[in-house]
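Biologist: I would like to learn how to read a pocket and a sheet in a protein model. Could you walk me through one?

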Amino acid sequence: LLRQPKWGHLRDLHRAIKLCEPALVYSEPTRLSLGHYQEAHVFNYKAGGCAAFLANYDSKSFATVTFRGMNYNLPPWSISILPDCRNTVFNTARVGAQSSEIKMSPVWQGFPWKSYNEETASYDDNSITTVGLMEQINTTRDASDYLWYSTDVRIGSNEAFLRNGNYPVLTVQSAGHALHVFINGQLSGTAYGSLENPKLTFSGNVKLRPGVNKISLLSIAVGLPNVGPHYETWNAGILGPVMLNGLNEGKRDLTWQKWSYKVGLEGEALNLHSLSGSSSVEWVAGSLVAQGQPLTWYKAIFGLPPGNDPLALDMGSMGKGQVWINGQSIGRYWPAYKASGSCGDCSYAGTYNEKKCQSNCGEASQRWYHVPRSWLNPSDNLLVVFEEMGGNPSGISLVKRTVQSVCADIYEWQPNLMSYMLQSSGKIQRPLRPKAHLMCAPGQKISSIKFASFGTPQGVCGSFREGSCHAHKSYDAFEKASLLQSCIGQNYCAVTVAPEVYGGDPCPRVMKKLSVEAICS
């Protein structure tokens, strides 16, 4: 699945750099100043040719620079590549590849679910008991994401909170990555870290009763570090302290109590995700299927959807867990983890940082999980889900990914590789006008033009709008059957970005572009 326009833009960049290869591998660059925030890096090679990279470091303003007797227009915060020190074939701020609006359509809903409830860890022959807290990865040896930490807490009948209802506060500090707290078998709360700081602290009131209470902490490692200084020393799991506040005695430190440990889940040991293991326990069906229950396994049988469109599981109704199809792991899912940050207008001008151009703030960090068609049988496919926190399995659906619309956003005289190749071969004397290329997915055709504007259109794919300058015949270039470029009914078309195609120049001496969105069906 091509991720456009990123894939196409990087492809064009690689082609442009490849044209510069003889000069790049022959010499060190010579730096020339072209202005306050503009410069050229020139690579010369033995045969007498050269390649140049013209840079504009101004993050807000266009710049016109003179290099070897010719003028070049550089967008803000961009680099133009000239393989022959004369003709521009690529500019980093000018994206020639199309972008797409994707539609996810359900093809299988209402799975016939059955469920099996996993109990919190119990003391058995597979558990380890020791004083104090153990590091998770050294204990599990990566045999499972999960490690149970369990201990008993005795509560006297004279505790004040039993009368006033002000339950004590349990505080658990963990090195990561996620934690579920169970008190006497009931989920009491959840905490998780972040990519930047995996460490976490759970702090919450816990409902304890007189006598012996069982505290079970399910610690979860979400992958292992593989980069960073001394990452082999990084820890995971509950390292403490673990404190209980609000008792008659004040504060009770549970860190150095006797703790029992159990690696993995009961369902993992039984291989419930596999074809053979799923038949080893008794599942409940129909109205008895658990809804919103933590530590629950679900399974369902489904058929093969027709067609060749890519498939995915929509897990948006679930919390956190893992999913398998026919014994193959689709991966971990975590829709309960909501993306946070600042989403707004996107501009990559200026120094890059990972928080630029954030999107989908407040939504699940991932909702759809790819299902390779090669993993599916013609019938009787087994879908198994393990839910940690409690979700709604009736909301799970199998969806197909289709291209709803394709977009192009091309400037006048935008550099393109084809024009350079024809010029360098002597077949043309002047640069060719750029073209807007639109291509639907295989099996699809362009059914209509949702938006087209030659001038100064605003917005991005899916939300284009006309600017102050607009050629009123913008749509004609795509829809009129008399024109060679007519796109309706075609899988692919290319339309030249030039004023005469759209009925003339709508605003002379203004830099114009073409923005177009075509509906695929």
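**Reading a pocket, then a sheet**

Modeller: Happily! This is a predicted model. Let us start with the second largest pocket, whose volume is about 840 Å³.

Biologist: Which residues are the closest to its centre?

Modeller: They are Y72, T88, W413, Q414 and P415, out of 27 residues that line this pocket. Two elements each give two or more residues to the lining: β5 (70–74) and α6 (417–424). The largest share comes from β5, with 4 residues.

Biologist: How many residues of each class are in the lining of the second largest pocket?

Modeller: A lining can be sorted by class. Here there are 12 polar, 10 nonpolar and 5 charged residues.

Biologist: Why does the second largest pocket lie between domain 1 and domain 4?

Modeller: Look at who supplies the lining. Domain 1 (1–96) gives residues to it and so does domain 4 (403–520), which means that the pocket lies between them.

Biologist: Now the sheet, please. In what order do the strands of the open sheet come?

Modeller: The order of its 4 strands is β15-β12-β17-β18, and they pair in the antiparallel sense. An edge strand pairs on one side only, as β15 (200–205) and β18 (250–253) do here. From one strand to the next, the twist averages 15°.

Biologist: And how many bridges join β12 and β17?

Modeller: There are 5 bridges in this antiparallel pair, made by β12 (residues 169–174) and β17 (residues 238–247). For one bridge you can find on screen, go to S174: its partner in β17 is I238.

Definitions and conventions:
Residues numbered from 1 in each chain as written. Predicted model: local features only at pLDDT ≥ 70, side-chain atom pairs only at ≥ 80, totals over all residues. Heavy atoms only, no water. 1 Å grid on protein atoms, 1.4 Å probe; cavity = no way out; pocket = protein on both sides within 12 Å on 5 of 7 lines; lining within 4 Å. Points joined across faces, edges and corners; volume = space filled by probe spheres on them. Nonpolar A, V, L, I, M, F, W, Y, C, P; charged D, E, K, R; others polar. Domains from an automatic or database assignment. Pairing = 2+ DSSP bridges. Axes fitted to C-alpha atoms, helices over the stretch in contact; angles between N-to-C directions.
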